[in-house]
Amino acid sequence: MTKSDMSSVDTESGLLARLATRSAAWSERWFPNTLVFAMVVVLVVAVAAMGIGSSPAEVSEVFGEGFWDLIPFTMQMAMVAIGGYVVATAKPIRRVIVRFAQLPSTPRGAIAMVAAVSLLSALLNWGFSLIFSALLVRRLAERESLRMDYRAASAAAYLGLGGSWALGLSSSAAQLQANPESIPSSLMPITGVIPFRETIFTWQSLLLAAVIVVVCVLVAFFSAPRGKAVKTAEDLGIDPRDPVEDDTPRTRPGEWLEYSPLLTVVIVALVGGWATQQFAAQDPIVAISGLNTYNLLFLALGLLLHWRPRRFIAAVGKAVPATGGVLIQFPFYAGIAAIMTKAANGDGHTISHYLATAFTSVSSPWAFPLLIGGYSIVLGFLIPSGGGKWIIEAPYVMQAASDQGVNLGWTVQIYNASEALPNLINPFWMLPLLGVLTLKARDIVGFTFLYLVVLFPVVLGLLTLLAPTFDYHPPVIPAGFGG
């Protein structure tokens, strides 16, 4: 680490900030691309399968057959990111952001507000939370008289991804388990279908989310730098003002539909009619738990807010690059899950079987949340993908939960709450936010590391204390499922 790196650390944050900055500098230098991580895991799992007695031919076969098992879910998660970005960047939402930015009267209050907005909006959509919160920080930074620390506010804007998103509607694991068509065939017999009513909408999960929000807002308020320790956007050489983007004038008669709201009105009306039928025909909780329904409503809202197809198309174009990691990595995770659950040895046992047995042998129903939560946090540092990592963990974690008599829905939430924490210092999901804010990971990780230190015992403690409030029931397999 250079002296210039050290000088960027907030001295008022002390040892934690220095350790976090060194950790970020190390990870930026040594961590490979996340796709490389997925490929390394493929290699490790393949070698492990052959190590327990599965043949190379069988390993290759199940990997190839399972590689495309997650295609529907891959596309669905990419659309979560696109829908969130499109809504957050629409002009009406930008006006809401401007009004929000006028509310705080103190820099500490501004940073606490950003934290609350990030955490609460992430419960709706993690992609929306990232972009909305980043734009809010820029609008606050335009108020030079406020003298808000730009780094601390930016870290607060990222809290949704590191604290609450996995407990909300766009949770990868909860969404996958609630949708029969998204669950890989190898996983269905182990987990069955688990509706939102047993995961994110339990009172225990809502309580956990509320505690995380309150704790993070308090940390954001009391840890905000003051006095000479403050570094505003101007101090960092950043101009928070956005360039003015006006519609280019129409030059050809064939472009008139691009500038007209006619098609927007028609499409939104069709979606509205369909949604009305869906929510009238079934429990609203069941309806919103469908990823297709959720994504279609978000895209329709984005189209309505942008009003003209031309603006909507431009917003989608800017959102697509953020989905690249999801599109290419999830198939590898599907192949990994197939090897773990289908590549058997002569005794008919798989890697998933041995891992589940190991977890059961060293755990108890009381200690299970602590063990699985801690394990998910550690693995999350290496595989920064909530949905992809769940596909890897679910076969043996859920089997172990059944063996221990631990509620399967709460096991999903144990994973969700724990899996989000490594995001606080893993730079992968920071990239969209950092791009909007014109920062680097090392600029904010000194602050996000502090949140990780505080949340770690709080989250694991609540996951353990709340587990006994659930009863166990076997996996619910849809009628007609063929295995």
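A nonpolar patch on the surface of this predicted model is formed by W256, L257, L262, L263, V266, I267 and L270, which together have about 620 Å² of accessible area. Patches are made of residues with over 30% relative accessible area and no salt bridge, nonpolar side chains (Val, Leu, Ile, Met, Phe, Trp, Tyr) being joined within 5 Å and like charges within 9 Å; a salt bridge is a side-chain nitrogen of Lys or Arg within 4 Å of a carboxyl oxygen of Asp or Glu, and accessible areas come from the Shrake-Rupley method with a 1.4 Å probe, only the protein chains shown counting as cover for residues. At least two residues of the patch are supplied by each of helix 14 (256–259) and helix 15 (262–281), with helix 15 giving the largest share, five residues; helices are DSSP runs (H or I, at least four residues) numbered from the N terminus. L257 lies in helix 14 and counts as partly exposed at 30% relative accessibility, where buried means under 20%, exposed over 50% and partly exposed in between (1.4 Å probe, protein chains only).

Helix 5 (residues 71–88) is mostly covered, 15 of its 18 residues being buried. Its end C-alpha atoms are 26 Å apart, in agreement with the 26 Å expected at 1.5 Å a residue, the expected span being 1.5 Å times one less than the number of residues.

S418, located in helix 23 (residues 408–420), is buried, with a relative accessible area of 0%. Apart from neighbours within four places in sequence, S418 is in contact (heavy atoms within 4.5 Å) with G373, S376, I377, L460 and L463.

Residues are numbered from 1 along each chain as its sequence is written, and side-chain values use heavy atoms, with hydrogens and water left out. As the model is predicted, local features need pLDDT of at least 70 and side-chain atom pairs count only at pLDDT 80 or more, whereas totals for chains, interfaces and linings use all residues.
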